Amino acid sequence: MATIDFKGTCIELNEEGFLVDPGIWNEELALVLAKHEEGLEELTEEHWAVIKYIRSYFEEKQSAPMVRAVCKGSGIRLQQIYDLFPSGPAKGACKLAGLPKPDGCV
Amino acid sequence: MSELDELEVKLKALTEAEIESGLDVFKSKLREAEVSYLNSCVHCGLCANSCHYNRAMPELENVPARKLEHIVSVFKSKFTTIGRIAPGLVGARPFNREMIRAWVDAVFGRCSLCGRCSINCTIGIPMPSLFRAARASLASMGLVPSDLQATVDNSLKYGNNMAIEKEEWVETVEWIEEELQAEVEDTEARLPLDKVGAKYLFTVNPREAKFFPLSLQASAKVFWAAKEDWTMASDAGWDLTNYGIFNCNDDQAGAIISNLTNAMERLKCKVLVIGECGHGYQSARWMGPEWLKKHFPYPVISFLELMYEYLEQGRLNVDPNKNTQLVTLHDPCNLVRHGGILEPQRRILRRVVNNFAEMTPYGHENYCCGGGGGQLSMGKYKSRRLKAGSVKASQISSSKAKIVATPCHNCVDQLMELNKEYSLKIQIKTVAELVANAIV
């Protein structure tokens, strides 16, 4: 299991780089994950719109939203989501929003 | 709790009776011919170089014959007289916790059931069938890695492997219909749901609905251009995946495939079309009738066959100059080596792109991308999966292609990860995406 250093604390990531404990997520941690997992040095307003929508959906329903809902809820177009997160909506955006890895062919 | 702990906790809790019954399940999955194959390995070593795990990470435990040996030694110890009387003489070993750990590691942790070792075996030992029998035994003891099992459980509970609710699926289909109408400038373009009596029932991978709907839009565009009579189910029966083929619990696999057969009966369609997917095709076309012990009274075809038919019949106007970059093709093991669909995808690509090059080797001898056999969903083995994928990554680099087409969403996802891991700088597309792009 991998760990990343966050303000002097060891944060546990699972084998695929997702937070072991989704509950500890916060925006500063998202920035660290962005750099560590997606190679993104900074997060733009568009990144945040996507991440915050996914996070609030997850906190309410304990699951990842459909990309349809992400587009509607964040106001970001589909192609732009793929451009913003190189690993895609699941292994990119959901991971930075601190969600567990979705099941299925992802 | 980490996956490693998870296995140890489960192993500790196993009773002797459960282990005994696990062995019975193993034996029950073997046909006579397979039993004889358990005794036929001549240790020639040819399989070693055929396996992408062993090519990427040469070590004894990655050699297919070694993986088989763990299984054979248990079979001898339990089910042969000489193995019971003089185990040391024939290499018979007991099915204890240490051996069960070795089985889990060999058949879940170091094998994608791709079958390349089998076609390169001097004897023709059907390794995937034997490894599947071992997985079935482990499944009966509750030892399927939890993330793989969760994917099966989603299908059993929700009718699709990503736990998508009906409203979410329907809303996505309606959205993609609007997008398609805008793309082709035709308000009559449809993604029809529940059209009773339609000729074709089309099925998709839930990851298209959940995260990657452009591939669904591309398939729908092909149907639109061909003016086809088609539909999809709004309830269970739209998802073509079946992870029961990977956890090897045949009862669960049968329950999942019933979603498709029930939808065919409910909607009275004439042909079941499996969208671009390796294991989905293998499940519906070849394994489904075995699991359900019944004949499917309608053809089950791959969407590739249908797209090729449209091109042959002149129902699609395509311009290969719409796809000018060099394209290569990755062959999904379940579709090609196991499924027998080899030519349609190549014939399609030669018509819709103007620059196509095969990988070396390709077709029946292709290397697995590394994501098959349920590997993509078993997080515990991610590092091995990506290393094993280095064989495919180097094939892709050698091809010089800028686009890798593959008719399988599972392969798409693994190739996306290989793209990142090995800095391949490629685009990965389904075949329908390239066809749709070439439609004029």
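In the predicted model, A:Gln62 occupies the loop that links α2 (45-61) to α3 (67-74) of chain A. Although A:Gln62 is not a glycine, its phi is positive, at about 60°. The residue counts as exposed, because 10 C-beta neighbours lie inside 10 Å, and the limit for that class is 12 or fewer.

The chain that contains this loop has five helices and two strands. Along the sequence of chain A these elements follow the pattern β-β-α-α-α-α-α. The radius of gyration of chain A is 13 Å, close to the 13 Å given by the globule rule for 106 residues, so chain A is as compact as a globular protein of that length. Taken along the principal axes, the C-alpha atoms of chain A fill a box of roughly 35 × 25 × 25 Å. Of the 106 residues in chain A, 42% are buried. When contacts in chain A between residues at least 6 apart in sequence are considered, 50% join residues at least 24 apart.

Chain B comprises 24 helices and seven strands. Its radius of gyration is 22 Å, which agrees with the value near 22 Å expected for a compact globule of 440 residues. The C-alpha trace of chain B spans about 75 × 45 × 40 Å along its principal axes. Buried residues account for 54% of the 440 residues of chain B. Among contacts in chain B between residues at least 6 apart in sequence, the share that joins residues at least 24 apart is 80%.

The domain assignment divides chain B into domain 1 (3-143) and domain 2 (144-440). The centres of the two domains of chain B, taken over C-alpha atoms, are separated by 31 Å. Contact between them involves 24 residues of domain 1 and 26 residues of domain 2 of chain B. On the side of domain 1 that touches domain 2, at least two residues each are supplied by α1 (3-13), α5 (52-56), α10 (116-119) and α11 (127-140) of chain B. Of these, α11(B) gives the most, with five residues. By residue class, this side of domain 1 of chain B divides into 13 nonpolar, four polar and seven charged residues. Within domain 1, B:Leu113 lies in the loop between α9 (97-108) and α10 of chain B. Phi of B:Leu113 is positive, near 55°, in a residue other than glycine. B:Leu113 counts as buried because it has 25 C-beta neighbours inside 10 Å, where the class requires 20 or more.

An open sheet of four strands in chain B has the order β2-β1-β3-β4, with parallel pairing. Its edge strands, each pairing on one side only, are β2 (230-231) and β4 (300-302) of chain B. Strand β3 (residues 271-274) of chain B runs parallel to β4(B) and is joined to it by three bridges. In this pairing, B:Ile274 stands opposite B:Ser302 of β4(B). Helix α17 (residues 250-267) of chain B packs on the sheet, where it touches β1 (200-203), β2 and β3 of chain B, and its direction makes about 145° with that of β1(B). Helix α19 (residues 303-312) of chain B also packs on the sheet, touching β3 and β4 of chain B, with a direction at about 70° to that of β4(B). Elsewhere in chain B, a cis peptide bond with omega of about -10° joins B:Thr360 and B:Pro361. B:Pro361 is found in the loop between α20 (344-352) and α21 of chain B.

Between the two chains, 31 residues of chain B are in contact with 19 residues of chain A. The elements that contribute two or more residues to the chain B side are α12 (146-158), α13 (166-184), α14 (206-210), α21 (382-388) and α23 (409-421) of chain B. The largest share, five residues, comes from α23(B). The chain B side consists of ten nonpolar, twelve polar and nine charged residues.

Helix α23 of chain B includes B:Lys420. Apart from residues up to four places away in sequence, B:Lys420 touches A:Pro86 and A:Ser87. With 16 C-beta neighbours inside 10 Å, B:Lys420 counts as partly exposed. The C-alpha atom of B:Lys420 is separated by 29 Å from that of B:Cys47, and the two residues are 373 residues apart along the chain.

Technical notes: Residues are numbered from 1 along each chain as its sequence is written. Chains are lettered from A and ligands numbered from 1 in the order in which they are written. This is a predicted model: local features need pLDDT of at least 70, side-chain atom pairs count only at pLDDT 80 or more; totals for chains, interfaces and linings use all residues. Two residues are in contact if their C-beta atoms, placed from the backbone, lie within 7 Å. Ala, Val, Leu, Ile, Met, Phe, Trp, Tyr, Cys and Pro count as nonpolar, Asp, Glu, Lys and Arg as charged, and the others, Gly among them, as polar. The radius of gyration is taken over C-alpha atoms; the globule rule is 2.2 Å times the number of residues to the power 0.38. Domain bounds come from an automatic or database domain assignment. Two strands pair if DSSP finds at least two bridges between them. Axes are lines fitted to C-alpha atoms, for helices over the stretch in contact, and angles run from 0 to 180 degrees between N-to-C directions.
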